[in-house]
Structure formats: structure tokens, C-alpha cells
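Here are some short exercises to work through with the model open beside you. Try each task before you read its solution.

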Amino acid sequence: MSAADSARAETDQWAFIADLAQLLTQGDDVVPTELTITGFDPSQDLDRRIRPWSHPLPDHSLASLARFAAGLAQAEADAWEGDDRSVATRALEDRRFLLGDRIVHWTVPWLVSLGVAEPASGPETLAVVERLLDFGDQHRPAPALTGSEGLFPPGCDSIGEIPSRLDVTTFANGWLFANPRSEVGPEPFTAAAALWTELADSHPGTAQLWQDMATRAETALLFFGS
């Protein structure tokens, strides 16, 4: 498969993700974004990323970000076919960093939590998660590091700021639920640590993210004396 054909195929996959993400959030009062899930506001960074491509973002939802990624893949395919290597490689690089910096680290935990909390959405959430993880293995935005000292600011890991206390109202401690519906005990953290470890082992392109999520969940267990 040529580089242009590969990019065009990725365009279709990103469009598929956007459509399913739109379906999953229909009727939501608040559409999940990086800000609502992690507390980090990506506005300035996303504004910087979209400026060279003149691609307006109606919001920062997964659906909108996936459509932007689809546009970058389309731009790459067109550039390869037009023999414009500079634009093609820039579109590929921008898509890789968009995936690693602004999409996969919060969308996968959110989708996993959604699938656990609302089993009826399971097939759709699983389909999106699988494609995002496949993209991660293809583009390798966050492979496992042999050592992280000096790569992240103090008190941070590949996900962001490490929480200093147990907070079960967010995914920051590696838990499977963004909005807990029952009394909190160690079981969800144990299950989460096992899940993130499994993802780290099976998806090397984003392994560092899931290793850090597993570490957060394991650290949270200490609050329960485990």
C-alpha cells in the first residue's frame, strides 16, 4: 500500500471514530473533553495546532478532534499524490502528536469508564478504543521509556500532574469511573491496575500512558491499606 493509500485509509478510520463518538455523546448535557475529564484546558495548544491548517474546531470533544485528524490524514494523502513531501510529512507528524498529546491519554480512560458504567454502549466504546489503540501502535506517540527522570516536571508523569491525594471524582488516580455511583473501595482500583497493565503489555505504541495509569491505580490502593 502506498503512503497516499495508507493515509486515505486512515482518513476513513478517523471519520468512523468521529461518527461513533458523536453517537456515544448524543443527549449528554456536558460533552466529555480533555478539560472535563482531566481538568486540563487544551484550548491554547489546540488553537496553535489548527492555525496552520485553517480547521475550525466547534468544540474539544473526541468527535471534533477525530474530524481534525481525518482532515490531516486527507491532507497527507493529497500531498503525497501531489508530490508535496513537505506538506505530507507535516500532516503526518501533526496527526501523530495530536493523537499522543490531545486525544488518546484521556479518551481511552473515558471510553473504558463509559463502557463499564453503561454496558449497553459496550460495542461502540470498544470499537473506538480498539481503533485508537491501533493508531497508537501505528504512530507510537508514547512508547514505554527505560527511564523518565528529567522528561517530566516534578510531580508529573506522561498523563500529567500526579494527584497528591485520593480523588475518586476524576480518573486521575487510575480508577475506571469518572463519576462513581457507589461507595468506593479498593476493588475498582485493583481492576483498573490490571487493565492498564494489560494495555501496556499489548499496545507498545502507547505503553507509557498505561504504565503510568497502572502506577496511579496501584498508588491509590495504598489509601485502603492494600
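**Exercise 1. The surface.** Work out how much area the chain exposes and what share carbon and sulfur atoms supply.

Solution. The exposed area of the chain is about 11,300 Å², calculated by the Shrake-Rupley method with a 1.4 Å probe. Carbon and sulfur atoms supply 52% of this area.

A word on the ground rules: this is a predicted model, in which local features need pLDDT of at least 70 and side-chain atom pairs count only at pLDDT 80 or more, while totals for chains, interfaces and linings use all residues. Residues are numbered from 1 along each chain as its sequence is written, and side-chain values use heavy atoms, with hydrogens and water left out.

**Exercise 2. The fold.** Count the helices and strands, then compare the radius of gyration with that of a compact globule.

Solution. Start with the elements: the chain has eight helices and zero strands, where helices are DSSP runs of H or I with at least four residues, strands are runs of E with at least two, and numbering starts at the N terminus. Next, take the radius of gyration over C-alpha atoms; the globule rule is 2.2 Å times the number of residues to the power 0.38. For 226 residues the rule gives a value near 17 Å, and the chain's 18 Å agrees with it. Finally, the C-alpha trace spans about 60 × 45 × 35 Å along its principal axes.

**Exercise 3. A threonine in a helix.** Decide whether T107 is buried or exposed, and find its partners.

Solution. First locate T107: it sits in helix α5, residues 85-117. Its relative accessible area is 0%, so T107 is buried (buried is under 20%, exposed over 50%, partly exposed in between, with a 1.4 Å probe and protein chains only). Then look at its side chain, which reaches the backbone oxygen of I103 at 2.8 Å. Beyond neighbours within four places in sequence, T107 is in contact (heavy atoms within 4.5 Å) with L62 and L132.

**Exercise 4. Two positive phi values.** Find the loops that hold D83 and R140, and judge the exposure of each residue.

Solution. Begin with the background: most residues other than glycine have a negative phi. D83 has a positive phi, near 60°, and lies in the loop between α4 (62-81) and α5. With a relative accessible area of 71%, D83 is exposed. R140 also has a positive phi, near 50°, and belongs to the loop between α6 (122-139) and α7 (187-202). At 38% relative accessible area, R140 is partly exposed.

Technical notes:
A polar contact is a pair of N or O atoms within 3.5 Å; within protein, one must be able to donate a hydrogen and the other to accept it, and residues adjacent in sequence count only if both atoms are side-chain atoms.
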